[in-house]
Amino acid sequence: MRILIVDDDYVNRKLPAVVLGRVGHEVVEAATGAEALTFAASDAFDVVLLDLTMPDMSGYEVCRQLRAADGGGRLRVVAYTAYGVDGLRDQVLASGFDALLLKPVTPAEILEALVPRSAGAGGAPPALG
């Protein structure tokens, strides 16, 4: 899979990038919402792991623009945040995200976020070696 990781914090990009790279995924990192939109406009991705709080624009706005782009409906967009408040999961799903991943994350949680829950065992993520 081709995965775009969007987070203004280097460490929060690097952990999932290493985990996903170790199991064979191709990873591109973006430090801003604008950079993410530029990458997405010029390249195809299967999944976007998207921080909700960035200095230039919110993850909600980035998600909205990704969804509005041609083919954006097929893209899996996972909200990635440290701010787990009551009702957040419902809010991000209603805003066009497919899933919510709360920081700090484990390698297993990162891999699980790639696959829709309805995929079942046939769509299970690869195990870490």
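In these legends, Ala, Val, Leu, Ile, Met, Phe, Trp, Tyr, Cys and Pro count as nonpolar, Asp, Glu, Lys and Arg as charged, and the others, Gly among them, as polar. This is a predicted model, where local features need pLDDT of at least 70 and side-chain atom pairs count only at pLDDT 80 or more, while totals for chains, interfaces and linings use all residues. Residues are numbered from 1 along each chain as its sequence is written, and side-chain values use heavy atoms, leaving out hydrogens and water.

**View 1. The whole chain, five helices and five strands.**
Follow the sequence and you get β-α-β-α-β-α-β-α-β-α; helices (H or I, at least four residues) and strands (E, at least two) are DSSP runs, numbered from the N terminus. Of the 129 residues, 41% are buried (under 20% relative accessible area with a 1.4 Å probe, protein chains only; exposed means over 50%, and partly exposed is in between). Take the contacts (heavy atoms within 4.5 Å) between residues at least 6 apart in sequence: 58% of them join residues at least 24 apart. The average pLDDT, the predictor's confidence in each residue from 0 to 100, is 89 for the chain, and 90% of the residues score at least 70. Residues 120-126 are another matter: their pLDDT is below 50, and the stretch has eight contacts in the model beyond near neighbours in sequence. Where pLDDT is low, the predicted coordinates should not be read in detail.

**View 2. A cavity with a nonpolar lining.**
There is one cavity of 30 Å³ or more in the structure, and the largest cavity holds about 50 Å³ of space. On a 1 Å grid over the protein atoms alone, a cavity is a set of points where a 1.4 Å probe fits but cannot get out, a pocket is an open set with protein on both sides within 12 Å along at least five of seven lines, and lining residues have an atom within 4 Å of a point. Points are joined across faces, edges and corners, and a volume is the space filled by probe spheres set on them. Around the largest cavity sit Ile3, Leu20, Val47, Leu49, Val78, Leu101, Ile110, Ala113 and Leu114. Strand 3 (47-51) and helix 5 (107-113) are the elements that give two or more residues to this lining. By class, the tally is nine nonpolar, no polar and no charged.

**View 3. The second largest pocket, about 260 Å³ of space.**
This pocket has 15 lining residues, and the closest to its centre are Ala40, Asp43, Asp70, Gly71 and Leu75. Helix 2 and helix 3 each put in at least two lining residues, with helix 2 giving the largest share, three. The lining is a mixture: nine nonpolar, three polar and three charged.

**View 4. Helix 2 and its buried face.**
Gly33, Ala36 and Leu37 are the buried residues of helix 2. Look down the helix 2 axis and they fall within an arc of 95°, so they line one face of the helix; the arc is that of the directions from the helix axis to the C-beta atoms. An α-helix has 3.6 residues a turn, so residues three or four places apart point the same way. Packed against the buried residues of helix 2 are strand 1 (2-6), strand 2 (26-30) and helix 3. Turned away from that buried side are the exposed residues Thr38 and Ser42.

**View 5. Helix 3 (residues 59-68) and what covers it.**
Here the buried set is Gly59, Val62, Cys63 and Leu66. Down the axis of helix 3 these residues fall within an arc of 100°, so they too line one face of their helix. Their cover includes helix 2 (33-42), strand 3 and strand 4 (76-81).

**View 6. Pro104 and its cis peptide bond.**
Pro104 sits in the loop between strand 5 (99-102) and helix 5. The cis bond joins Lys103 and Pro104, with omega about -5°. Pro104 is exposed, at 76% relative accessible area. From Pro104 to Tyr80 is 24 residues in sequence and 9.6 Å in space, C-alpha to C-alpha.

**View 7. Pro107, a proline in helix 5.**
Pro107 is partly exposed, with a relative accessible area of 31%. Val19 is 88 residues from Pro107 in sequence, yet the C-alpha to C-alpha distance is 6.1 Å.

**View 8. Ala82, in the loop between strand 4 and helix 4 (88-94).**
Ala82 is partly exposed too, with a relative accessible area of 47%. Ala82 and Leu101 are 19 residues apart in sequence and 8.6 Å apart in space, C-alpha to C-alpha. Leu101 is also one of the residues lining the largest cavity.
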